[in-house]
Amino acid sequence: MNNYKQLLKLTAERRQELFHSIVIWKNFHLFRENHRDLLKHEINSILFLGINSPGLLELLLKADFCSIQKNVNYPVYTTYKIKKKSGGLRTIESPDETLMAIQKKLNFYLQSYYYHIRPKHVHGFVFNPYNYRTTSEANIVENAKVHVGKKYVLNIDLKDFFSNISAARVKKLFSSKHFIFNEHMTNVLTLLLTYKGKLPTGAPTSPVISNFVCLDLDHSLLEFSKSNGLTYTRFADDLTFSSDEEITDVLLLMIKEVIRLNGFIVNNKKVRIKSSARQQKVTGIVVNEKVNVDRKYIKRIRAMLYHLKLEGLTAATIKHFGLVASNQMLEIKFMNRLSGYINFVGMVRGKKDLIFKKYDMDFRNIQREIEIRKILKLN
C-alpha cells in the first residue's frame with residue numbers, strides 16, 4: 001500500500017490534524033519532506049478531506065467567509081432551457097458568478113480525490129489531475145474500446161440523471177466512509193452543491209458528485225456483470241454491457257432491477273440491444289470491428305468543408321443551421337463545430353489517420369484564407 005492510500009484510511013480527526021499542520025501552521029515543507037512520494041493532486045485531496053468547519057473551507061478555497069455563507073443560505077441560479085439532440089428541452093440551472101467560482105474550486109479538489117478511487121470501468125466526467133488542460137485516459141474512446149468485436153452490445157440510458165440525485169443523497173455521500181465529514185460540514189457542502197433539493201444541471205460540481213453517488217451502482221453492476229459473463233462500462237448516464245453470449249430479456253430485466261435498487265431510473269426509450277450483424281455503437285462510436293466514427297459523421301464533415309470552401313463562411317453557416325441569414329456569432333459557432341467534428345475523428349481514428357489528416361489540413365487552409373481576407377478588408 002502506498003503512502004497516499006494509507007493517508008486516505010486515516011480517521012477524520014487525523015485528517016483534520018494534517019490540515020491544521022499544512023494550512024494553518026504552514027508546515028507544508030515538513031509534510032512534503034515526510035511524504036515525498038505524494039503528488040500535488042494527492043495532497044490536495046488529503047487537504048480537502050481534512051476540513052471540518054466553514055472556516056477551514058474558507059482557508060482551503062481562499063474564499064471570503066461571508067461569500068460562502070451567503071451562497072449557502074441564498075444561492076442564486078439562472079434557469080433556462082436548451083434543445084436536446086434527441087428532441088425536447090433540457091432545463092439548465094446555472095449558478096451566478098460568485099457561486100460558480102466556489103464550485104469550480106471545490107470541483108478541483110473533488111476531481112483530485114475521485115480520480116484515485118474511481119472504478120476503472122467508469123469513463124465520464126473524469127479529469128486528468130496531472131494536467132487539467134489535457135484529457136484523462138477516461139474518455140469516450142476508452143469507454144468504447146472494451147466493447148469492440150462483441151457479438152451483443154446493450155446500451156442503457158439513465159433518466160434525468162442529475163435531477164434524480166437528491167440533496168439527501170449528496171448529504172449521505174459526504175457523511176459516508178468516503179468523506180467522513182461532520183454534520184456541519186456535510187450540510188454546508190450539500191447546500192453549496194445542490195439547488196431546490198437536487199443536483200443542478202449547470203453546476204461544474206454536479207458531474208463529479210454524480211460519479212461519487214454512482215460508486216455503489218458501479219460496484220453492483222460490475223459484480224453482476226462478472227457473474228453473468230458481461231463487460232460493463234459507464235460514461236455519465238450511458239451504461240454499456242457487451243457479451244459474446246446473447247443478452248436475453250431476463251438478463252435485461254435483472255440489470256434494470258439492479259439499477260432500480262441503487263436509486264436510478266432507466267430511460268426505456270433509450271434501451272438498445274444490437275448484434276454484430278448490425279451497427280453497434282457505444283457513446284456514438286462504432287465498435288463492430290474497431291473503434292470508428294459513423295459514415296454519416298464523415299459525410300457531414302465533408303459537406304461542411306465543401307460548402308465552406310465553395311460558397312464561403314456566411315453561406316456555409318446559413319446552410320448548416322438552416323437559416324435565412326447569418327451573423328458573426330453563428331459563423332464562429334460553425335467554425336468551432338467543424339473543428340470539433342474533425343478533432344473527434346482524430347481522437348477516435350488516431351492523429352495519423354489519412355481521413356483526419358486530410359480534413360484537418362483542409363480546415364486549416366480555409367481558416368487561413370478567411371483570416372487573410374479579414375486583414376485585407378480591414379486595410
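User: In this predicted model, which residue forms a salt bridge with Lys198?

Analyst: The model is a predicted one. A salt bridge requires a side-chain nitrogen of Lys or Arg within 4 Å of a carboxyl oxygen of Asp or Glu. For Lys198 the closest N and O atoms of the pair are 2.8 Å apart, and the partner is Glu93.

User: How many residues apart in sequence are the parts that the pair of Lys198 and Glu93 ties together?

Analyst: Lys198 is placed in the loop between helix H10 (183–193) and helix H11 (206–213), whereas Glu93 belongs to strand S2 (residues 89–95). The salt bridge therefore ties together parts of the chain whose separation in sequence is 105 residues.

User: Are Lys198 and Glu93 buried or exposed?

Analyst: The class of buried residues is set at under 20% relative accessible area. Lys198 and Glu93, the two partners of the salt bridge, share one class: both are buried.

User: How many salt bridges does the count come to?

Analyst: Side chains of opposite charge can pair when their charged atoms come close. The pair of Lys198 and Glu93 is a salt bridge, and so is the pair of Glu311 and Lys319. With the 4 Å rule, the count comes to 11.

User: What is the distance between the closest N and O atoms of Glu311 and Lys319, and what class of accessibility does Lys319 have?

Analyst: Glu311 and Lys319 form a salt bridge with their closest N and O atoms 3.3 Å apart. Glu311 has 35% relative accessibility and counts as partly exposed. Lys319 has a relative accessible area of 45%, so its class is partly exposed.

User: Which helix holds both Glu369 and Arg373?

Analyst: The side chains of Glu369 and Arg373 meet in a salt bridge, at 3.7 Å from N to O. Glu369 is partly exposed, at 41% relative accessibility. The two residues are 4 residues apart, about one turn of the helix, and that element is helix H17 (residues 354–378).

User: Which residues gather in a patch of positive charge on the surface?

Analyst: One member of the patch, Lys299, lies in helix H14 (residues 295–311). A patch takes residues with over 30% relative accessible area and no salt bridge, and Lys299 is exposed at 53%. The residues that gather there are Arg295, Lys296, Lys299 and Arg302.

User: Why does Ile301 count as buried, and how far apart are the C-alpha atoms of Ile301 and Ser339?

Analyst: Ile301 also has its place in helix H14. Its relative accessibility is 0%, and therefore Ile301 counts as buried. Ser339 stands 38 residues from Ile301 along the chain, yet the C-alpha atoms of the two are separated by 9.3 Å.

User: How many disulfides does the structure hold?

Analyst: A disulfide is a covalent bond between the sulfur atoms of two cysteines. Two of the cysteines fall in opposite classes: Cys66 counts as exposed at 54% relative accessibility, whereas Cys214 counts as buried at 0%. The number of disulfides in the structure is 0.

User: In which loop is the place of Lys62?

Analyst: Lys62 is not a glycine, although its phi is positive, at about 55 degrees. Lys62 is exposed, with a relative accessible area of 76%. Its place is in the loop between helix H5 (54–61) and helix H6 (65–73).

User: What value is phi of Thr283 near?

Analyst: Thr283 belongs to the loop between strand S7 (281–282) and strand S8 (285–286). Its phi is positive in a residue other than glycine, with a value near 45 degrees.

User: How far apart in space are Leu217 and Asn262, C-alpha to C-alpha?

Analyst: Leu217 is part of helix H12 (residues 215–227) and is buried, with a relative accessible area of 0%. Asn262 is 45 residues from Leu217 in sequence, while the C-alpha to C-alpha distance is 5.6 Å.

User: What distance separates the C-alpha atoms of Ala144 and Val282?

Analyst: Ala144 lies in helix H8 (residues 140–145) and has a relative accessible area of 0%, so Ala144 is buried. Along the chain, Ala144 and Val282 are 138 residues apart, and their C-alpha atoms are separated by 5.4 Å.

Terms used: Residues are numbered from 1 along each chain as its sequence is written. This is a predicted model: local features need pLDDT of at least 70, side-chain atom pairs count only at pLDDT 80 or more; totals for chains, interfaces and linings use all residues. Side-chain values use heavy atoms; hydrogens and water are left out. Patches are made of residues with over 30% relative accessible area and no salt bridge: like charges are joined within 9 Å, nonpolar side chains (Val, Leu, Ile, Met, Phe, Trp, Tyr) within 5 Å. Accessible areas come from the Shrake-Rupley method with a 1.4 Å probe; for residues, only the protein chains shown count as cover. Lys and Arg count as positive and Asp and Glu as negative; His and the chain ends are not counted. The place of a charge is taken as NZ of Lys, CZ of Arg, CG of Asp or CD of Glu. Buried means under 20% relative accessible area, exposed over 50%, partly exposed in between (1.4 Å probe, protein chains only). A disulfide is a pair of cysteine sulfur atoms within 2.5 Å.
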